[in-house]
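What follows is a short walk through one protein model, beginning with its interior and ending with its strands.

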Amino acid sequence: MAEVNEPVDAQSRRAAKPIVCYETDKLPEVDMPAYQIARESLELVAEYTAAPRDACAFDVPAGHFFRIVSVEGPQVGDLNLWSASNLEERFFSGKTRQLHATHVTTGDRLWSNLPHLRALATITHDTLGWYGWDADGAGVHDVIGTRCDPYTNHALRGLHYHYCCHSNLTRALAKHTGLTAQQAERHIHDVLNVFMCTGFSLDTHQYFMKASPVRPGDFIEFFAETDLLGALSACPGGDCGASHSDDATPCYPLRVEVYRNTSEALKNWQPAELNAYDQSHGLK
Ligand SMILES: [Zn+2]
């Protein structure tokens, strides 16, 4: 590689002050106290299970809560979310990352893609909220990685492995909607890596994973800001402490629980509205 010399003012250029990109205090307000009251009076209405190295699809009506629960053993999940009435509107991990952080927890929201850009769900509880940032710079529930997929696996190892999260999510969506595998695959998108413990290495800034701190009984809980269709894959990486995209690691199921709110706390709540930008893009 050709050597590049530093300019004489390199030090002062590097000293530019970082500015947080978005004024997140201007986002539509979240009435977290009302959500916290509502979550005291929840009634379980549906349960789904993502089997190890497989995925389940599930419906969550607007105004309901849903939980992703660790059962049996430490396990990472890959979550996709769509507007139930329009599969073209889906979770946008990149903008969620920019608006909140590389890893999300209670109070953060899961935003949808352009041109819809609205909150699909709000995180209302996270039993791993204590983890914070560890000495390696890692956190839990990242929106930086994508799902494991058979194409990258083939590029790196020359194998045809069919139980990566990308394929698991494809099968679950196809079975739930009646779409073909090829049609369903087009709707699979970058995920929320539920329970996954990840970061960027401090020296080379490479994406790394380490054994998830999740234990059976832990859960992350969401409030559905509109009618949702979800899909959750129990990653072949298990707790992602060793490998992924193979059958080498112990894997456990994940449970999805859907709850109806029976309190009056959210009586003034309204479903999230689609983004109001006029979409003219400077053209008349
Ligand atoms: Zn995976």
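The model is a predicted one. Its largest nonpolar core has 65 residues, of which Cys56, Ile68, Ala121 and Leu232 touch the most other members. As a general point, nonpolar side chains in soluble globular proteins tend to be buried together.

Ile68 shows what such a position looks like in detail. Setting aside neighbours within four places in sequence, Ile68 is in contact with Gly77, Leu79, Val194, Phe219, Ile220, Leu232, Leu254 and Val256. Leu232, one of these contacts, is itself among the four core residues that touch the most other members.

The strands come next. Strand β2, residues 55-60, is mostly covered, with five of its six residues buried. Its partner is strand β12, residues 228-234, and the two run antiparallel over six bridges. Within this pair, Ala55 of β2 has Ser233 in β12 as its bridge partner.

An open sheet of six strands is arranged in the order β1-β13-β3-β11-β7-β6, and the pairing is antiparallel. β1 (42-50) and β6 (109-111) stand at the edges with a single partner strand each, so one side of each has no neighbour in the sheet. On average, neighbouring strands of this sheet are turned by 25 degrees against each other, direction ignored.

Which strand pairs with β1, and over how many bridges? The partner is β13, residues 254-261, which pairs with β1 in the antiparallel sense over eight bridges. Here Tyr48 stands opposite Val256 in β13. Val256 also leads back to the core residue discussed above, as one of the contacts of Ile68.

Definitions and conventions
Residues numbered from 1 in each chain as written. Predicted model: local features only at pLDDT ≥ 70, side-chain atom pairs only at ≥ 80, totals over all residues. Pairing = 2+ DSSP bridges. Helix = DSSP H or I, 4+ residues; strand = E, 2+ residues; numbered from the N terminus. Axes fitted to C-alpha atoms, helices over the stretch in contact; angles between N-to-C directions. Core = buried A, V, L, I, M, F, W, Y, C linked by C-beta atoms within 7 Å. Buried ≥ 20, exposed ≤ 12 C-beta atoms within 10 Å, placed from the backbone. Contact = placed C-beta atoms within 7 Å.
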